[in-house]
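Grab a pencil and open the viewer. Below are a few short exercises, each with a solution worked through in steps.

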Amino acid sequence: MTHPPIDGTVAHTARVWNYWLGGKDNYPVDREVGDRVRSLFPQVAEAAQGDRLFLRRAVSHLVKEEGLTQFLDVGTGLPTAGNTHEVAQTLDPSARVVYVDNDPLVLAHARALLVGTDAGRTQYVDADLRDVDGVLEAAGETLDLERPVGLTLMGTMGHFEIGEAVRLVRAYVDRLAPGSFFAVCDGVLAHMEVEDAERAAEGMRVWEQHVAQKYHMRTVEEFRSFFDGYEVVKPGVVSVFQWRPEPTEVGTVRPIPQYAGLARKA
């Protein structure tokens with residue numbers, strides 16, 4: 001696939017997200033926009049961190065409790081600590097992972113950093129996630145699609161209107177084997193006071209003005225619709241830090257406007 005050259009003068013989703021996660025793969029324009037959005041919507045950085053923690057917990061659950069050894073990570077983003085293959089292959093060195101993205105910056109980093117174990121295998125697919133058939137055909141070179149797969153969609157489906165987002169998720173799940181699981185994590189309009197919600201909305205307007213990729217915050221009901229008709233893993237569809245949190249010595253886990261869920265295809 002041919003891509004336009006990387007533009008370092010326009011803020012980019014993957015690079016801003018990388019900045020919020022404390023990464024170094026970003027440009028001044030990404031940091032400037034990231035700081036402006038975060039000043040209005042402080043919880044957005046927590047959402048980025050929660051997204052990454054949920055990925056680790058979901059993959060760990062699927063390997064340890066469900067016995068899955070195959071993962072399809074769609075909308076990979078820039079590699080950071082605790083990538084899907086690192087979590088899965090630490091628990092089972094034979095695990096296989098396919099990453100999917102069509103961002104040239106992600107592609108450049110992924111080929112260098114997303115390297116699997118000797119026993120397992122890691123593949124990067126350069127494709128638009130909307131091309132479900134093309135993605136799954138390429139993923140089939142590494143994964144046995146006749147066996148259960150763990151599909152992860154982290155902070156990705158918010159780039160689509162809800163109708164198209166739900167359709168895309170179901171298109172992937174419909175093609176996966178029975179016993180497969182899928183995980184979704186994205187921003188929601190919840191757990192904010194009126195004043196905070198107004199500031200968050202202003203932060204998202206700043207995002208739309210300066211970042212090439214639009215992002216849609218969901219209602220909780222819209223987010224839950226991804227899982228309609230599927231067997232949802234406990235504790236259900238919840239705020240991201242409330243999904244199987246690690247034990248804490250002091251205090252309770254505070255809900256934030258980022259939701260997550262994991263479900264099984266019967």
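## Aromatic pairs

The model is a predicted one, and the ring-pairing rule finds 8 aromatic pairs in it.

**Exercise 1.** Work out how the rings of Phe54 and Trp243 are arranged, and say which parts of the chain they tie together.

*Solution.* Start with the general recipe: a pair of aromatic rings is described by the distance of the centres and the angle of the planes. For Phe54 and Trp243 the centres are 5.1 Å apart, and the planes meet at 80°. Planes over 60 degrees apart count as edge-to-face, so Phe54 and Trp243 make an edge-to-face pair.

Next, place the two residues. Phe54 sits in helix H3 (residues 43-64), while Trp243 is in the loop between strand E7 (238-239) and strand E8 (258-264). The pair therefore ties together parts that are 189 residues apart in sequence.

**Exercise 2.** Are Phe54 and Trp243 buried or exposed?

*Solution.* The cut-off you need is under 20% relative accessible area for buried. Phe54 has 1%, so Phe54 is buried. Trp243 comes in at 0% and counts as buried.

**Exercise 3.** Now do the same for Phe223 and Tyr259: what kind of pair is this, and where do the two residues lie?

*Solution.* Geometry goes first: the centres of Phe223 and Tyr259 are 6.2 Å apart with 80° between the planes, an edge-to-face pair. Then location: Phe223 belongs to helix H9 (residues 220-224) and Tyr259 to strand E8, so the pair links parts 36 residues apart in sequence. As for accessibility, both Phe223 and Tyr259 are buried.

Finally, follow the ring pairs outward. They join Phe223 and Tyr259 into a cluster with Phe182, Phe226, Phe227 and Tyr230.

## The whole chain

**Exercise 4.** How does the radius of gyration of the chain agree with that of a compact globule?

*Solution.* For 266 residues, a compact globule would have a radius of gyration near 18 Å; the chain has 18 Å, so the two agree. For the overall extent, the C-alpha trace spans about 50 × 45 × 40 Å along its principal axes. Buried residues make up 55% of the 266.

**Exercise 5.** Which secondary structure elements does the chain have, and how much of its contact count comes from residues 24 or more positions apart?

*Solution.* Count the elements: 9 helices and 8 strands. Then take the contacts with a separation of 6 or more; residues 24 or more positions apart account for 75% of them.

Notes: Residues are numbered from 1 along each chain as its sequence is written. This is a predicted model: local features need pLDDT of at least 70, side-chain atom pairs count only at pLDDT 80 or more; totals for chains, interfaces and linings use all residues. Side-chain values use heavy atoms; hydrogens and water are left out. Helices (H or I, at least four residues) and strands (E, at least two) are DSSP runs, numbered from the N terminus. The radius of gyration is taken over C-alpha atoms; the globule rule is 2.2 Å times the number of residues to the power 0.38. Buried means under 20% relative accessible area, exposed over 50%, partly exposed in between (1.4 Å probe, protein chains only). Contact means heavy atoms within 4.5 Å. Rings of Phe, Tyr and Trp (its six-membered ring) pair if their centres lie within 6.5 Å; planes under 30 degrees apart count as stacked, over 60 as edge-to-face and the rest as tilted.
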